[in-house]
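This report describes one molecular structure, from its overall arrangement to single residues.

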There are 2 protein chains.
Amino acid sequence: MSELTNRQYYLAARPSGLPTERDVPWRDVPVAEPGEGEVLLRNLYISLDPAIRGWMGDDPNYIEPIAIGDAVRSSVIGRVVKSRSDDVAVGDVVMSVGGWERYTIASAAALSKLDESAGIPLSYFLGVLGPTGLTAYFGLLEVGRPRAGETVLVSAAAGAVGSIVGQIAKMQGCRVVGLAGSDDKCAWLRDELGFDAVINYRSCGDCEAAIRQACPDGVDVYFDNVGGEILEAALACLNKFARVAVCGWISTYNEPDAPGPSARRLWQLVANSVTIQGFVVLDYSERFAEGVAQLAEWVMAGKLKFREEVVSGLDNILPTFHRLFDGSNQGKLVIELPEE
Amino acid sequence: MSELTNRQYYLAARPSGLPTERDVPWRDVPVAEPGEGEVLLRNLYISLDPAIRGWMGDDPNYIEPIAIGDAVRSSVIGRVVKSRSDDVAVGDVVMSVGGWERYTIASAAALSKLDESAGIPLSYFLGVLGPTGLTAYFGLLEVGRPRAGETVLVSAAAGAVGSIVGQIAKMQGCRVVGLAGSDDKCAWLRDELGFDAVINYRSCGDCEAAIRQACPDGVDVYFDNVGGEILEAALACLNKFARVAVCGWISTYNEPDAPGPSARRLWQLVANSVTIQGFVVLDYSERFAEGVAQLAEWVMAGKLKFREEVVSGLDNILPTFHRLFDGSNQGKLVIELPEE
């Protein structure tokens, strides 16, 4: 049974900059057998997220680095093809931590079962109804804590997380301003998602001046997906008691030695009693059910729009991953591995 | 009446580095007359605090910069010698925003009256029972939010604020570790104030390694008075959900273009869901009475020890101010202007 060969993309070396085919080569290995309490998944969808780049390095992080020789780690959705757990049946569709591979062995205790019959495209559970949407939901509401009438600035606003952050902030009664890297993305944010103002950070020239113009009352919440120069510019525009929710710093993942914001800019902490708070979605794992229910309600009601790009074929995974960092993706990126 | 000449040290130029006699020269000017609702104070004590250096610059800050030509701004304690307010009588002793000068005109509405008859040395109201003590009290309890059993790391721990922070943290049941710049200061913290461990940052070599050794369970709260390399080292040692209370960055006041922490270090924000929060004591002005009452109770009960250095003579003010930045002060610095 030729399908029971597992093709996987594994970490051969810790990348410097964007991971290359030498850092992340592929191999075909025999499919392993699940142990007691484990299941074997045939992966259907693999999530591509900027955070994966961080796990490829060996700096301290919120989860262990990917070990050299292991398949690159991702969230996956798969169908159970073998089960050694009474809680999970062959044929069930589940979400799990998995890898850039066709088959994943997963612990039954760490899975979430998905309901195929609800008619929701399965890939949504990696995006707007999964870690991506939950990151936006908890990061904005619990870390950013926007109040009606405040101004919320979002970077990477056309990205999978940023686009949801902006729409939830609108529902909170905020003025929402997005930074994105193309006129097309800016038009989508403004015309389709209802952002109050948008800034193309590639063409705006002086980013700080552009933020000041788009945020005439200053910035109360900055939802930071990118770090670097945009963070530096945003810091300069913060109001008294502003909150900066640090979701990730995509501008630095491939340049870990990039300088942080200058002391002069960080003085905003004291000058305006600012809070800068990092978070990861796992901090809110006990409230995931609440978050998914609210996000699903908004999606069903047409209040929450999103884009996903589903790219077919495991062999496209590395060039597709690169698109997260060159700005050419539009919304959530997912690799699909169709069932034969 | 010769005393009614006002000697004042005023800001002639914004300093680069430590303020010199050319940046802050003195002059004798006629004493001004209080307007309606104002009083004339004969200053008795002038508070010297690192924050004053920040007000001499023109970067955005939590209060307006000192205007060129104005007396250098400080908290002062003075006796009312003329009053045009029904609320304040000649002879009253009050605390006010004032200047590096013998006489200050102050708005009666912005004064706090002090009770000389309570037998508390008046200078304490600039220190442990004033802005200094309140900064420690609210900064630790409201921003740092230590819980019993946690580890609290304090920089400039022998300073006016840091020494109070450490003692309050001990009263919360925390392990308290202090960073200071001399063996004498370290001995005082350990032997007199009860710190669990101390680090002489000038002689410890690798500061990060020294913090790790002194904080075997990691750091839950870092109360940051200094910024710079010590902040960088402390960031590396933070636990999950750690809080960094940014009180001030004395290492950068004379070097505003110093780099901030590197992006790699600030990644702790996400790696450990860390909160970095700046504050100023004015954020808690509605609760000052509560804070002073608690601090006074601890002082009376002998639970809160402190050092102050009272230097006599307005003409010593600039060299005394410099001592805040070379590490030679021990606790709160106050200039006394004895009544003749």
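The text below covers the symmetry, the fold of one chain, the contact between chains, the core and some individual residues.

**Symmetry**

The structure is a predicted model. A turn of 180° with a shift of 0.0 Å along the axis lays chain A on chain B, with an RMSD of 0.0 Å. The two copies are therefore related as by a two-fold rotation axis. The contact residues of chain A recur in chain B to 100%, and the same surface thus serves both copies. Within chain A, the residue that comes closest to the rotation axis is A:I276, whose C-alpha is at 2.6 Å.

**Chain A as a whole**

Chain A contains ten helices and 15 strands. Its C-alpha trace spans about 65 × 45 × 35 Å along the principal axes. The radius of gyration of chain A is 20 Å, which agrees with the value near 20 Å for a compact globule, because the chain has 340 residues. Of these 340 residues, 50% count as buried. Among the contacts in chain A between residues at least 6 apart in sequence, 65% join residues at least 24 apart.

**Contact between the chains**

How many residues does the contact take from each chain? It takes 33 residues from chain A and 33 residues from chain B. On the side of chain A that touches chain B, α7 (263–266), α8 (268–271) and β13 (275–278) each supply at least two residues. The largest share comes from β13(A), with four residues. By type, the residues on this side of chain A divide into 18 nonpolar, eleven polar and four charged.

The strand β13(A) is also joined to strand β13 (residues 275–278) of chain B, by three bridges, and the two strands run antiparallel. In this pairing, A:Q277 stands opposite B:T275 in β13(B).

**Nonpolar core**

The largest nonpolar core has 213 residues. Which residues have the most contacts inside it? They are A:I211, A:A234, B:I211 and B:A234. Leaving aside neighbours within four places in sequence, B:A234 is in contact with B:L153, B:I211, B:V219 and B:Y222.

**Individual residues**

The table lists three residues with their location and the number of C-beta neighbours inside 10 Å.

| Residue | Location | C-beta neighbours inside 10 Å |
|---|---|---|
| A:T135 | helix α2 (residues 131–144) of chain A | 26 neighbours, buried |
| A:F241 | strand β12 (residues 238–246) of chain A | 12 neighbours, exposed |
| B:R145 | loop between α2 (131–144) and β8 (151–154) of chain B | 15 neighbours, partly exposed |

A:T135 counts as buried because it has 26 C-beta neighbours inside 10 Å, and the threshold for a buried residue is 20 or more. Not counting residues up to four places away in sequence, A:T135 touches A:V161, A:C247 and A:V281. A:T135 and A:F279 are 144 residues apart in sequence, while their C-alpha atoms are 8.8 Å apart in space.

The other two residues in the table are listed for their backbone angles. Most residues other than glycine have a negative phi. A:F241 is not a glycine, and its phi is positive, near 65°. With 12 C-beta neighbours inside 10 Å, A:F241 counts as exposed, since the limit for an exposed residue is 12 or fewer. B:R145, also not a glycine, has a positive phi of about 45°. B:R145 counts as partly exposed because it has 15 C-beta neighbours inside 10 Å, a number in between the two limits.

Technical notes
Residues numbered from 1 in each chain as written. Chains lettered and ligands numbered in written order. Predicted model: local features only at pLDDT ≥ 70, side-chain atom pairs only at ≥ 80, totals over all residues. Least-squares fit on C-alpha atoms with pLDDT ≥ 70 in both. Contact = placed C-beta atoms within 7 Å. Rg over C-alpha atoms; globule rule 2.2 N^0.38 Å. Nonpolar A, V, L, I, M, F, W, Y, C, P; charged D, E, K, R; others polar. Pairing = 2+ DSSP bridges. Core = buried A, V, L, I, M, F, W, Y, C linked by C-beta atoms within 7 Å.
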